[in-house]
There are 2 protein chains.
Amino acid sequence: MPEELEQILDLNLPDKGLPLGDLLKDCRSTLKWQVKTGHPHFFNQLSSGLDIVSLAGEWLTSVANTNMFTYEIAPVFILMENVVLKKMREYLGFVHGDSILAPGGSISNMYAVMGARHKMFPNYKKLGLKALPQLVMYTSVDSHYSAMGAAASCGLGTDNVIQIGTDSMGRMRVDKLEEAVLATKAKGHVPFFVNCTCGTTVVGAFDPINPIADLCQKYGMWLHIDAAWGGGVLLSKKHRHLMAGVERANSVTWNPHKLMGTHLQCSTIHFRQDGILLGCNQMCAEYLFQQDKHYDVSFDTGDKVPQCGRRNDIFKLWLMWRAKGTEGFEAHIDQLFDISQYLVKRIKEMPEKFHLIQEPEMVNVLFWYIPQRLRDQPQSKERIAELGRITAQLKARMMNTGTLMITYQPLRELPNFFRNIVSNSAVTKDDIDFLLAEMDRLGNDL
Amino acid sequence: MPEELEQILDLNLPDKGLPLGDLLKDCRSTLKWQVKTGHPHFFNQLSSGLDIVSLAGEWLTSVANTNMFTYEIAPVFILMENVVLKKMREYLGFVHGDSILAPGGSISNMYAVMGARHKMFPNYKKLGLKALPQLVMYTSVDSHYSAMGAAASCGLGTDNVIQIGTDSMGRMRVDKLEEAVLATKAKGHVPFFVNCTCGTTVVGAFDPINPIADLCQKYGMWLHIDAAWGGGVLLSKKHRHLMAGVERANSVTWNPHKLMGTHLQCSTIHFRQDGILLGCNQMCAEYLFQQDKHYDVSFDTGDKVPQCGRRNDIFKLWLMWRAKGTEGFEAHIDQLFDISQYLVKRIKEMPEKFHLIQEPEMVNVLFWYIPQRLRDQPQSKERIAELGRITAQLKARMMNTGTLMITYQPLRELPNFFRNIVSNSAVTKDDIDFLLAEMDRLGNDL
C-alpha cells in the first residue's frame, strides 16, 4: 500500500547533502522495495526481463550522457541508429524509408498520425486543422488507447476515431471497416488513417494486414501498423507469417523493448517513404541545426521529431544485436512462443483448476483460475462473473505475497481474467509449473 | 566526418552473436570516438557534465528496468516522483498543482499547450479543433522552436503562432505582445496561450514575467513559462529574482538535465491547477488502469500523459538531491554564474582578441573571436560579416583538434558568433583561461 511504503522509506529531500553511506542505504532500500521486473516470475507486463548486454549498453549510455539531435555531439550513436534502423526496415520490406526512435510506442503512433497528415495535407503545418476537411481515423476496439490519444493530442478529436469491431479472435473485422469508411464518406468527412494492430495488448491478436491494405488502397487511406508489441515476430522465420503484408504499410511502430527484450525505453517508428519526418517536423532552428557546419548536416536528426533533445536509446539495442546476432533474436522469440504454448498445454491438462479463454496467436495467454468451491459447477453467466471477482482477489494475494505477478483486465463482455505474458527469455518450463502451482496455493480457498 | 568514422568503426549487425571480447572492444571504441560531453572543455550544449551520483542513479534505474505508468510496477519510483515534483512546485510557489516528467522540454511545452487547450476548451478532446474558434499563441522571436512545433503537432498551425519582437537584451517586448493580441482579436481569432521564456536558448534572456502575467489576466490567456533552461535559478537566493512572478504562471517547463546537471533525460512540466493532466489525457484503458485494484489507484500516473510507457527519469534526480541537498544545488548554480562572469571579465580584458556581444543575464556568454589580421581594423559591417565567417571556420578547427567545443549560431541581424555555456560544475577558472588561449592558438591565423 502506498501509505505504508511512504512510512517505511525515507524519501525526504534535505537541505544539506547526505554522506555516501546514506546514499548506498538509499540504493539498497530502493531495490529492496521495488518490483523485480527482471525476475522470471514477473509475468505482468509486455516488457520484462533483464538482458545483461542491454544493461551494459544502458550503463555505457549514461556514461556518454549525450543528446541525439546532432552528429556533432553524438557521432557514433547517430551512425549506429542509421545501421540498426536500416536493418529493421529490411525486415519490414521497406527498400528506402525513414525511421526514428521515439519515447515509447504511443508517441511513435502519434508521429505516424502526424506523418500521414503531413503527407496527405501538407498545408496543415502552417494553417492548422481548421483549414482541412474533418479527418477520420479507424482502429479496432481491441487496439491500444494511443490511437485515441493521438487523435486528442493532434486536434482531430476522439469522436473522429471510429472503433471497428473484432472477430472472436480479437482481429479487426474488415467488412466492418469498409462499412465505417462508407459511412464517413456519406457524412462528407475524409477517411484518412487506418491503425492496424499487430499484437493487441490484451489478446495478442494480429489484424489481417493484406485485406486492410486493399481497403486503404481503394479509399486512399494511410495504412499504419502498430506492431509495438508484435513487431519482434518479424525476426522469426517461424512466426513472421503473422505479419504477412507488412511491406504494404505506410508506417510501422515497433518496440524492441517489448518482445525483443531490450531495456526500457526503446521504441521505433518507420515510414516507407523517405524524407517524411523532416518535412513534417522541421522548424529549422538556426541555433542548433546550422547549415554551414563542416560535415554533411543530413546526419543531424533533431529536426525530424518534435522532441528537440532526444535520449540515446540505440546503443543498448545495437550492442545486444552484436551479442545475440539476428539468429539469437530469432531463437529468443521462438522460445517465448514455445514456453507460452507449454503454458497453454498445462492449462488444458487441468481444466478443473484453469479455464483457457482462447487459443493464443502470440505469447498472451488468457485464462481464469478456478478455486475449489467452483470446480464442480457447470459454466454459467454467474460462475463467469464470480471467476472475474476471484481474479482481482487472487492478484491482490500475489502482490501481498510477492511471489508472482500476472496482470488482469476485463475485455468487452468478459469480466476480469488473467493475461499471462512471457517476454523474458529467462523463463523456463519450471517457472510455468511454479506459476500454476503458486496460483493454486494462493487461490484455492477463494 | 561521418564517412570516415563509418570506415573506422565496425557497426555491422551480424547473423551470429559475437563473443564477449568483441563486445568489450565495441564499448571501448564507442567511448573513444564519442564526444566527451562530461569534459570541462565541452561548452557546446546546455546540458553537459557528468555528475557521479546522477550517473549511479542511472545505473540503478537500468537495473530496476521498469515503466512508470502504474504504482503496481514502480511503487518506490512513483513515490519519489511525488516528493520531488512537490518540492519543485514549492520553488514555483504553486500551493497545489499537478506535475509530470516528460521526454524533454519540447514535449513538456507541448503538454502545456494541450493542458491549456483542455482547460479553456474542454470540448476539443472529443470534437477536435474544427469545433473551436481559431486559437492563437504568442512567443518571442528568440524563444525555442518547440512553441512552433507544438502548434504544428497539435493542429493549430504555425501561422497561428505570433512571434513577438525582443528588446536589445533578447527579452519579449510586452508592448508588442499587447499589439499582437489586439490584432488577433480584431481578426475574430482567440488569443489563447503566451509562451514566456525564462532563459532563451541563445542569449539566456528572461522575458519579464509580471507584465506578461498582467496581460494574460487582462485578456484571459494562459501563461506558460518555458524555463527548461533557466528554471534552475529558482534554487539560488541570489539569482531567483530573474524569475520574479513565476507563481502567476499556469504552467512551467523546467529541465533538471540542464542547469541542475542531472543526467539526460530529466524534464518536468508543472501546472498550477490540480487535475489538469488527467482530465486532458485520460483515455481510461481498462487493461492497464483497472479501477478495482487493491490500492489507491490515484497513484497510477500513466493516464496523465499521451505516453503510456514512461521511462524512469526520477531516481537519478532524487538521489542527486539527497547527495547535494538543496544547498548543494544552490552552490552549484551560483558557481556556474560566477565562472561565466569570470569569462566575461577575461573577454573584456582582451578587447583586441575577443568581442563580447552583450552583457549576459545568465551563463550564456556571446562573443566573437578576432584573428590577427582583423585586430587593428575598426568595427564595421564588413568586419562583423568576416568575424561571422571566422566563427564557423574556428569551430571546424576545434572539432578536428578535439580540444574544445563551443557552439555558434547567427541571431536576427547578427552573423555567426560563439555562445559559450558553463553548465558543468567541474569547470574552473583555469578551464576558462584554457578556452581563451586555445581559441587564440587555433584561430589567430584565420
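Student: Where is the place of N65(B) in chain B?

Tutor: This is a predicted model, in which local features need pLDDT of at least 70, side-chain atom pairs count only at pLDDT 80 or more, and totals for chains, interfaces and linings use all residues. Residues are numbered from 1 along each chain as its sequence is written, chains are lettered from A and ligands numbered from 1 in the order in which they are written, and side-chain values use heavy atoms, with hydrogens and water left out. Helices (H or I, at least four residues) and strands (E, at least two) are DSSP runs, numbered from the N terminus. On that numbering, N65(B) is in the loop between α3 (52-64) and α4 (75-92) of chain B.

Student: Is N65(B) buried or exposed?

Tutor: Buried means under 20% relative accessible area, exposed over 50%, and partly exposed in between (1.4 Å probe, protein chains only). Because its relative accessible area is 8%, N65(B) is buried.

Student: Which phi value does N65(B) have?

Tutor: Most residues other than glycine have a negative phi, and most peptide bonds are trans. N65(B) is a residue other than glycine with a positive phi, near 35°.

Student: Which residue of chain A that is not a glycine has a positive phi of about 45°?

Tutor: The residue lies in the loop between β10 (407-411) and β11 (414-421) of chain A. At 42% relative accessibility it counts as partly exposed. The residue with this phi is R412(A).

Student: With which side chain does R412(A) meet in a salt bridge?

Tutor: A salt bridge is a side-chain nitrogen of Lys or Arg within 4 Å of a carboxyl oxygen of Asp or Glu. Here the N to O distance is 2.5 Å. The pair links distant parts of the chain, 270 residues apart, with the partner in the loop between β2 (135-140) and α7 (146-153) of chain A. The partner is buried, with a relative accessible area of 7%, and is D142(A).

Student: What is the omega of the cis peptide bond from L264(B) to Q265(B)?

Tutor: Q265(B) is found in the loop between β7 (251-254) and β8 (267-271) of chain B. In chain A, the peptide bond from L264(A) to Q265(A) is cis, with omega near 5°. For the bond from L264(B) to Q265(B), omega is near 10°.

Student: How many salt bridges does the rule find across the interface of chain B and chain A?

Tutor: Contact means heavy atoms within 4.5 Å, and 132 residues of chain B are in contact with 132 residues of chain A. Buried area is the accessible area (1.4 Å probe) that two parts lose on being put together, summed over both; between chain B and chain A it is about 11600 Å², of which carbon and sulfur atoms give 60%. One of the salt bridges pairs E327(A) with K16(B), the closest N and O atoms being 2.8 Å apart. Across this interface the count is 12.

Student: Which residue of chain B forms a salt bridge with E58(A)?

Tutor: The closest N and O atoms of this pair are 3.7 Å apart. E58(A) lies in helix α3 of chain A and its partner in the loop between α10 (276-281) and α11 (315-349) of chain B, so the pair joins two chains. At 1% relative accessibility, E58(A) counts as buried. The partner also counts as buried, at 8% relative accessibility, and is R311(B).
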